[in-house]
Amino acid sequence: METKNIAILLDTDNTQLEYLPYIIEEVKQYGNPIIKWAFGNWTNSQFSSWNIPLSNLTFRLIQSPTHVKGKNTTDISLVISAMELLYTQPHITGFCIVSSDSDFMQLAMKLIESNKFVMGIGRKQTPTPFVNACHVFKYIDDFAYLIPEQSSVVAEPQKTVVETPLKTGEIKLTEYPNQKIITKIKKIKQIITNILNSNKTPILARVAQEIKRMDPAFTPNDYGYTNFLKMFESLSDYFQVVPEGTSSHIIKIKQ
């Protein structure tokens with residue numbers, strides 16, 4: 001099957017910055033995001049902190065100035081740009097519209113009528129007509145469990161090694177917030193191995209998504225962790241967490 005060339009069109013009025021790395025990884029499950037455009041009024045102080053993170057994620061910033069109060073020029077600019085890509089860039093075979101705005105339903109329908117793959121990403125409250133107009137729609141809320149917390153009121157318990165001689169082949173006994181997590185080690189290692197065997201990088205977002213796909217009921221909270229990053233950092237006897245860029249991590253199996 002031919003790999004899709006996808007254009008990500010980001011409505012910044014309906015998106016949170018911290019979700020963007022995970023949105024990109026989700027899009028990569030369906031094709032190659034060769035165009036990434038972010039639409040917004042970049043003169044607005046509200047977006048002053050977006051410039052560097054978006055540049056690091058190789059987004060092109062499309063200025064959508066607000067000339068009249070109450071008029072959403074961001075939506076109009078996004079639609080015009082989508083039409084420009086549709087008619088001038090035939091190598092673009094798919095579009096990902098990142099927004100929760102029902103106004104994009106007509107755009108999605110037009111792109112599908114033009115034989116393009118259409119993916120939508122938005123919040124749970126995204127109106128049904130826009131959701132149904134897309135080939136695939138992903139809810140951004142489902143990425144919340146991947147977001148590392150900036151701070152924690154209660155510090156996580158530090159693991160302590162029990163000084164007991166190990167027998168041959170015995171798993172090292174370590175105290176974790178919930179000892180049941182040890183029963184999942186073998187399955188998690190297999191997931192990481194499968195990702196490597198498919199010639200992909202086991203970044204945290206991808207590993208977490210595969211864990212959730214294999215076991216939808218799995219959540220780090222059930223084992224005493226606030227998120228997947230904290231969980232893997234705690235399991236340092238089995239995994240190594242390697243920072244990748246400014247907002248991602250690679251999970252490696254310790255040999």
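**Exercises: strands and cores**

β1 (5-11), α1 (20-28) and β2 form a right-handed β-α-β unit; helices (H or I, at least four residues) and strands (E, at least two) are DSSP runs, numbered from the N terminus. Right-handed means that, with the strands pointing away from the viewer, the path from the first strand over the helix to the second runs clockwise. Heads-up: this is a predicted model, where local features need pLDDT of at least 70, side-chain atom pairs count only at pLDDT 80 or more, and totals for chains, interfaces and linings use all residues. Residues are numbered from 1 along each chain as its sequence is written, and side-chain values use heavy atoms, leaving out hydrogens and water.

**Exercise 1.** Work out how β2 pairs with β1 and with β3.

*Solution.*
- Pairing takes at least two DSSP bridges between two strands.
- β1 and β2 run parallel, with 7 bridges; I8 sits opposite K36 in β2.
- β2 and β3 (residues 60-63) are parallel too, joined by 4 bridges, and W37 faces R60 in β3.

**Exercise 2.** Is β2 largely enclosed or open?

*Solution.*
- Buried means under 20% relative accessible area (1.4 Å probe, protein chains only).
- In β2 (residues 32-40), 7 of the 9 residues are buried, so the rest of the structure largely encloses this strand.

**Exercise 3.** Find which element gives the largest share of the largest nonpolar core.

*Solution.*
- Such a core joins buried Ala, Val, Leu, Ile, Met, Phe, Trp, Tyr and Cys residues through side-chain atoms within 4.5 Å.
- The largest one has 28 residues, with I23 and V27 among those with the most contacts inside it.
- α1 gives the largest share, 5 residues.

Methods. Buried means under 20% relative accessible area, exposed over 50%, partly exposed in between (1.4 Å probe, protein chains only).
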